[in-house]
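Let us take a friendly walk through a molecular structure, going from whole chains down to single residues. Keep the 3D view open and turn it as you read.

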Amino acid sequence: MKTKQLQHLFLRAGFGITPQLVNDLSKKNKKKVVDFLFSTTTFQPLEIDLSELSIYTQEYQKNKTFSMEFQRKSNEKIREYNKIWIERLANSDTLLREKMTLFWANHFVCKNQNIYFVQQYNNTLRKNALGNFGDFVKEISKEPAMLNYLNSRQNRKKQPNENFARELMELFTLGVGNYSENDVKESARAFTGYNHNFNGEFVIGKYHHDEGLKTFFGETGNFSGDDIIDIILKQQQCARFICEKIYRYFVNDKVNEKHLDELTAVFYKDYNIEKLMKFLFLKDWFYDAENIGTKIKSPIELLVGMQKMVPFSFQNTKDVQKIQRLLGQVLLDPPNVAGWKGGRNWIDSNTIILRLKLPSILLSNAEISIKEKGEFEDSFDKYHASNKNQKDFAKVTVDWDFFEDSFKNISFDQMKSLFLITAPNEGTETYLDHLSKSSKKEFCIQLMSLPEYQIC
Amino acid sequence: MKRRDFLRQSTLASGLFFIPGFLKAFENISPKSFGYKRLVMIQLAGGNDGLNTIVPFTNDDYYRSRPKIALAKNDVIPVSDSLGFHASLLPLKNLYDQGNLTVINNVGYPNPDRSHFRATDIWQTASNSNQYWQTGWVGRYLDAHGSNAYNAIEIDDSLSLLMKGENINGIATQNPTNLFKLSQDPYFKNVLNHYNDEHLSEHNLGYLYKTMIDAKSSSKYIFEKNKIASNNAEYPNNQFANQLKTTAKLINSGLETKVFFSSLGGFDTHANQLNSQKRLLEIYATSIEAFVNDLKKQGTFNDTLIVTFSEFGRRVKENAGNGTDHGAASNVFIIGNQLKKQGFYNELASLSDLDSNGDLKYTVDFRTIYASILKSWLEVNDERILQQKFDSLDFL
């Protein structure tokens, strides 16, 4: 496979590709590379040590002081969980599963303040990320985090709450305009009584569940929530809606209808997500020039992508939170049930400045070298040691040895191509060419500080 | 034309390229002259308890619903037979007496949302409660009539949805000097000076360059204006007052900014409301007082309209923790020197006829306030920006 195609595949299916992996895979053909991608997708739950919270039993939490104390600790743990999630994204070798988990987290958008429910939800996303979409939706409908987020617990026979039923169709399966208001009303009745116990296990409150006949998409019966989901899956629009979202996320913001038809036909057969993704990555059109280097990286893709090339870790949880907040995407804290819109919506005056400045802030004390060829050259370390500029912005530990090692046989020209999926603007390239090429570290910072680096 | 000249000009003209229907010039009037109208939006974030802000101190239902946290008659600054200000709001009472304040009661919208985030989005985008819009109403105002990020400034570190348009976003800055320093890295300068592409914004890469060019020039412009301006009033020492101080400085510098936005957080008073609200309203009122004085002394108060809102009010009935839970309709303050209807714009809604949650029913849709501001203050087509037709109110 060509290097550009490999880079493209790994930017979309993961967060970029190291020179070593390019080297390993470039001799393989597309089929072999895609097989490799799918050979490393074992489900590994992401878990955090919650033993210090085990004292907050159901009895204990009836006390207001203790329940508030639990809330505070739980929020703290959620921030830690956010941090280890980002570390997982940067370090995991199950990259496609992790990328899909991130995708689904912005599809089945949900937020909760109980770390147990947050963790359980996150692992449900991870477990089903490449599984059967129907089973996935059914599990999501019973997750404690979701039961709370979209008010299913308030959805009772006597007074139905339509929030979940509406979003199920509008955002999770069919898309707006593909169902009637009556479908919302009737399906809400099927989800009445949905609840969970203290341990987060799903229960149906039988006094609150409506056992009557419901008419949904022309079918009538005493439908359960699962039955409703099965009827939704029968609509081809459901497959099309999901495939369109997959297409926009993994291929291009602009949808090619013909390609979308192909995806829909494959997905509608059995709603197998893994098959769909494999089909997509094997398609020739996935590697068409018009689909390469056209998307704007999300803040997480940017942050994790940098870590792939130059491994670094944050020393403090609050720093990684702050950076996400300033960039406009805090994992586990979506703006609303519609999720992050993405694309150009990531970019405003403030986020673009921070995005371009971030590599130097994190890796080189906010300094980007502008030395031209032939100028007196300090060593990288000496140059940056003298500057205390932004040291307090975030404390990071950087593994430059890994970087030096992985780029030792890579030329400056190859670096340019490995860091930038898109050809740089002509003027920008002229400028890059006349910069001093004495330090690969410096050149790495220069490349990551370009608008071109924001593209994937 | 030299490339640099082209870049400079295209930056200035970028609005002309990308905004359809850019017919009316953003402002023909010099921002230093009289008549250059500005809007300052302030959000009391967390959901301010409107009933303990503008207090119905003769209403039995009020005292019955809040045995522990109702404000006693003696603690209220009375202004009418039935309504008075919270004691912390003495500076607002003064503005009221001078005819510089309009209080609009029971402001809300149909099917109110009681989540902070959703309700804030609804207030900032001006959507219906079942719509998820991705642009703020100020952002859409920029799309239609702005040309640069600095036309709308949020005094914060990151930009709220309010300030985001489809094609243009405002810019956020807590500290113009820091933002300037961050954006003026010599490396960026060199890269942007070398950049050559006339098709800015047609593809994503061009859009990134265009946004950075604008961010760099906006932050430089703000920094330079801010440097030469000064404040003419004593401000309290707190973060909110500092935000208003920066706003006043920028207004008095003659910056071409039509909308400013700040917020003061902490109003989510589920527990022990009395003390925290007292402190917050005091911060709010004393800061506003200094801000208004500053503008008055520099002759810019006539052309400034200050609007204060909160994403929702609070439940009429107090809760078990000496606080209140999330509610619905609440009051909005309009401060300025050109108010056509001063004092209380309308009566407080009934405290006995509440919605199914036990919250005040709205009588004024918040978007009718936006419509009035857009039409009568900023003098633009409100329907285009709000994307719906709303009747205007006659306070402006």
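Chain B holds 12 helices and 12 strands. Its radius of gyration is 22 Å, close to the 21 Å that the globule rule gives for 396 residues, so chain B is as compact as a globular protein of that length. Please keep in mind that what you see is a predicted model.

Chain A has 23 helices and six strands. For its 456 residues, a compact globule would have a radius of gyration near 23 Å, and the 24 Å of chain A agrees with that.

Here are some values for the two chains.

| Chain | Box filled by C-alpha atoms | Buried residues | Share of contacts (separation of 6 or more) made by residues 24 or more positions apart |
|---|---|---|---|
| Chain A | roughly 85 × 55 × 40 Å | 43% of 456 residues | 73% |
| Chain B | roughly 75 × 45 × 35 Å | 54% of 396 residues | 70% |

**Where the chains touch**

How many residues does each chain bring to the contact? Chain A gives 35 residues, and chain B gives 35 residues. On the side of chain A, the elements that supply two or more residues are α17 (317-327), α18 (349-363) and α22 (426-433). Helix α18(A) gives the most, with six residues. Sorted by class, this side of chain A has 14 nonpolar, 14 polar and seven charged residues.

Now look at one residue within α18 of chain A, namely A:L354. A:L354 is buried, because 20 other C-beta atoms lie within 10 Å, and 20 is where the buried class begins. Leaving aside residues up to four places away in sequence, A:L354 touches A:L326 and A:L327. A:Q414, in contrast, is 60 residues from A:L354 in sequence and 26 Å from it in space, C-alpha to C-alpha.

**The nonpolar core**

The largest nonpolar core has 227 residues, and those with the most contacts inside it are B:V307 and B:Y370. Helix α10 (residues 273-297) of chain B provides the largest share of this core, with nine residues. What does B:V307 touch, not counting residues up to four places away in sequence? Its partners are B:L39, B:M41, B:I42, B:V332, B:I334 and B:I373.

**Helices in chain A**

Two helices make a good example of packing. Two packed helices are described by the angle between their axes and the distance between the axes. In chain A, helix α8 (residues 133-141) and helix α12 (residues 225-234) pack at about 145°, and their axes are 10 Å apart. The crossing of α8(A) and α12(A) is right-handed. From α8(A), the residues that take part are A:G134, A:V137, A:K138 and A:S141, and they meet A:G225, A:D226, A:I229, A:D230 and A:L233 of α12(A). By class, this contact has three nonpolar, three polar and three charged residues. The spacing along each helix is worth a look: an α-helix has 3.6 residues a turn, so residues three or four places apart point the same way.

Helix α23 (residues 440-448) of chain A is mostly covered, as eight of its nine residues are buried. The buried ones are A:K441, A:E442, A:F443, A:C444, A:I445, A:Q446, A:L447 and A:M448.

At the other end of the numbering, A:K4 sits in helix α1 (residues 3-13) of chain A. A:K4 has 15 other C-beta atoms within 10 Å, so it is partly exposed. A:K4 and A:I204 are 200 residues apart in sequence, and their C-alpha atoms are 52 Å apart in space.

**Two backbone exceptions**

Most residues other than glycine have a negative phi. Neither of the next two residues is a glycine, and both have a positive phi.

For A:A366 the phi is about 70°. A:A366 lies in the loop between α18 and α19 (380-385) of chain A. For B:E379 the phi is about 55°. B:E379 is found in the loop between α11 (366-377) and α12 (382-386) of chain B.

Are these residues buried or exposed? A:A366 counts as buried because it has 21 C-beta neighbours inside 10 Å. B:E379 has 11 C-beta neighbours inside 10 Å, so it counts as exposed.

Definitions and conventions
Residues numbered from 1 in each chain as written. Chains lettered and ligands numbered in written order. Predicted model: local features only at pLDDT ≥ 70, side-chain atom pairs only at ≥ 80, totals over all residues. Axes fitted to C-alpha atoms, helices over the stretch in contact; angles between N-to-C directions. Helix = DSSP H or I, 4+ residues; strand = E, 2+ residues; numbered from the N terminus. Left-handed = near helix turned anticlockwise from the far one by under 90°. Contact = placed C-beta atoms within 7 Å. Nonpolar A, V, L, I, M, F, W, Y, C, P; charged D, E, K, R; others polar. Rg over C-alpha atoms; globule rule 2.2 N^0.38 Å. Buried ≥ 20, exposed ≤ 12 C-beta atoms within 10 Å, placed from the backbone. Core = buried A, V, L, I, M, F, W, Y, C linked by C-beta atoms within 7 Å.
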